[in-house]
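Hi,

Here is the structure I said I would pass on. Have a look at it before you read my notes below.

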Amino acid sequence: MTKKPVFFAETPIIMDDGVDPFAFRRDAFSDVLELIRVRGNTVFTCAASAPFGIRFPTGKHRLHIIRTGRVVIEVEGLETTYHAAQGDLIMFMHGHEHVISDQSGRTANLIADLVQHAYDHERRTLGIGDITWLCGDFGFDGMLSQRLLSVLPPVVILRGLRDRPFEWLELSCHFILEEALHLQAGAAAMISRLLDVIFVQLLRTWAMDGEAGHGWLSGAIDARINPAISAIHADPGRAWTVHDLAALSNLSRSAFADRFQRIVGQTPLNYVTTWRLDRAAEMLRYSQAPVSEIASRVGYASEAAFSRVFKGRYQVSPMQWRKFDPGRLSLLP
C-alpha cells in the first residue's frame, strides 16, 4: 500500500545523485534559492521621450529592464544618482520610491496619475516615445526571503547584459510581454516563473561579481565553504560537528572555523541551528506534518526542546507560526 505523503510541499525524490547519472549536483546557493519564492505581480512597458520624469511610489519591489535609450534614476533617501542604458537591469529590493527620467532634477509625474490618460491597456504600454523599458513588480514568499533581502542593497543593477552571453534577458522580456498581451490559462504563473529566472540570474551575477560582502550568501558561493553548507542543507537533522564540516571542505578544524566565521559572519554550529529553524519554519507553513515530526526532521530529540528554541528565534511557538501569517512577523537576523 502506498504511504500517504505528509510533506506535500516537498518534491518527491525518485533517485539520488549516486543512482541517477543525469542528476545535477546540489549546491548551497540552489538550496537557498529554492526556498525563496518570487511572485510576479504586474508587468508592462514604459515609453517616453525627453523631457520626462516618472515617479514610482514606495512599497513595491520593482524591476526595470532598459530596452532602448538611456535613463537617470534617483532614489528617495539615497544620494547616489544611477545611470542606466539599453540592456541594463535594475531591481529595487526594498521598495524605495524612485524617479526615472531623461536627466536629473526633472519634475516627475506619479505613475498612477499617468495611467489615467497615457496607458494603452491592449498593448500594456504606458506612454509613447523612443526610450522604453520593461517594468514589473514582484513579491517574495518563503521564510528565507527576509534573510535574503536583509543582505541585499536597496538597488541592484546589472549593466550591459547585451554585451555578455545573456540573450536570455531579451528573450525573457519578449516572453513576459507575450504572456501579458495574450492572456491565456496559466499566464500569471508563466510571468512569475520568468521573473523568477531573471531574479535568480541577477542575484547569481551580483554575488559572483563580489558584491555580496560578508554573510550567509557569501558562504553559499565560496568554493571552500560551499560543500559544508550544502551538506548542512541536505541533512539538517544530523548531529553535525565542526570536525565533520571541516573534513567536507578539506580544511583543518581551526582553518575551517576561522574561514566560516569570517565569510558567513557566524560560527558553523550557529549556522546549523539557523538553517534548522528556517527549514522548520518552511515546513510548518507549507506542510501539514505534526510539529513533533518536523522537530525530528531538523534534528531535535523532543518537541519541547524544538519549540523552546523556535520561540527564541521567532518570538512565537511553532503552532502560532503555523496559525498566523508569517509575513506579519519579524524575522531575526
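What follows is a short tour, from the whole chain down to a few residues.

First, a caution: this is a predicted model. The protein chain has 333 residues, and 48% of them count as buried. You will find 13 helices and twelve strands in the chain. About 17200 Å² of the chain is exposed, with carbon and sulfur atoms supplying 54% of that area. As for contacts between residues at least 6 apart in sequence, 74% join residues that are at least 24 apart.

Now the strands. Five of them make an open sheet, in the order β5-β4-β7-β2-β8, and the pairing in it is mixed. At the edges are β5 (81-85) and β8 (109-110), each of which pairs on one side only. Inside that order, β4 (residues 70-75) and β7 are antiparallel and share four bridges. One pair to look for there is Ile73 with its bridge partner in β7, Ile100.

While you are at β7 (residues 98-101), take a look at Ser101, which belongs to this strand. Is Ser101 buried or exposed? Ser101 counts as buried because its relative accessibility is 0%, below the 20% cut-off. The Ser101 side chain reaches the backbone oxygen of Gln103 at 2.9 Å. Setting aside neighbours within four places in sequence, Ser101 also touches Phe52, Gly53, Val71, Val72, Glu74 and Arg106.

Another strand worth a visit is β6 (residues 89-92). Leu89 and Met91 point one way from β6, Ile90 and Phe92 point the other way, and all of them are buried. Strand β3 (residues 61-68) runs antiparallel to β6, joined by four bridges, and Arg62 stands opposite Phe92 in β6. Four bridges also link β6 to β12 (residues 155-158), again running antiparallel. For that pairing, the place to look is Leu89, whose bridge partner in β12 is Leu158.

On the helix side, I picked out α10 (residues 268-286). With 19 residues, α10 reaches 27 Å from its first C-alpha to its last, close to the 27 Å expected at 1.5 Å a residue. Helix α10 is mostly covered, as 14 of its 19 residues are buried.

Then the cysteines. How many disulfides does a search of the whole structure find? The search finds zero. Cys46 is in no disulfide, and the nearest cysteine sulfur, in Cys135, is 4.9 Å away. Cys135 is likewise in no disulfide, its nearest cysteine sulfur being that of Cys46 at 4.9 Å. The pair does not qualify because a disulfide needs the two sulfur atoms within 2.5 Å. Cys46 is buried, with a relative accessible area of 0%, and Cys135 counts as buried at 0% relative accessibility.

Last stop: Asn250, in the loop between α8 (242-248) and α9 (253-264). Asn250 is exposed because its relative accessible area, 66%, is over the 50% cut-off. Its C-alpha atom is 9.7 Å from that of Ala228, which is 22 residues away along the chain.

If you want a place to start, try Ser101, buried in β7, and then go to Asn250, exposed in its loop.

Cheers

Terms used. Residues numbered from 1 in each chain as written. Predicted model: local features only at pLDDT ≥ 70, side-chain atom pairs only at ≥ 80, totals over all residues. Heavy atoms only, no water. Helix = DSSP H or I, 4+ residues; strand = E, 2+ residues; numbered from the N terminus. Buried < 20%, exposed > 50% of the residue type's maximum accessible area, 1.4 Å probe, protein only. Pairing = 2+ DSSP bridges. Polar contact = N/O pair within 3.5 Å; in protein donor to acceptor, adjacent residues only side chain to side chain. Contact = heavy atoms within 4.5 Å. Expected span 1.5 Å × (residues − 1). Areas by Shrake-Rupley, 256 points an atom, 1.4 Å probe, with all protein chains shown as cover.
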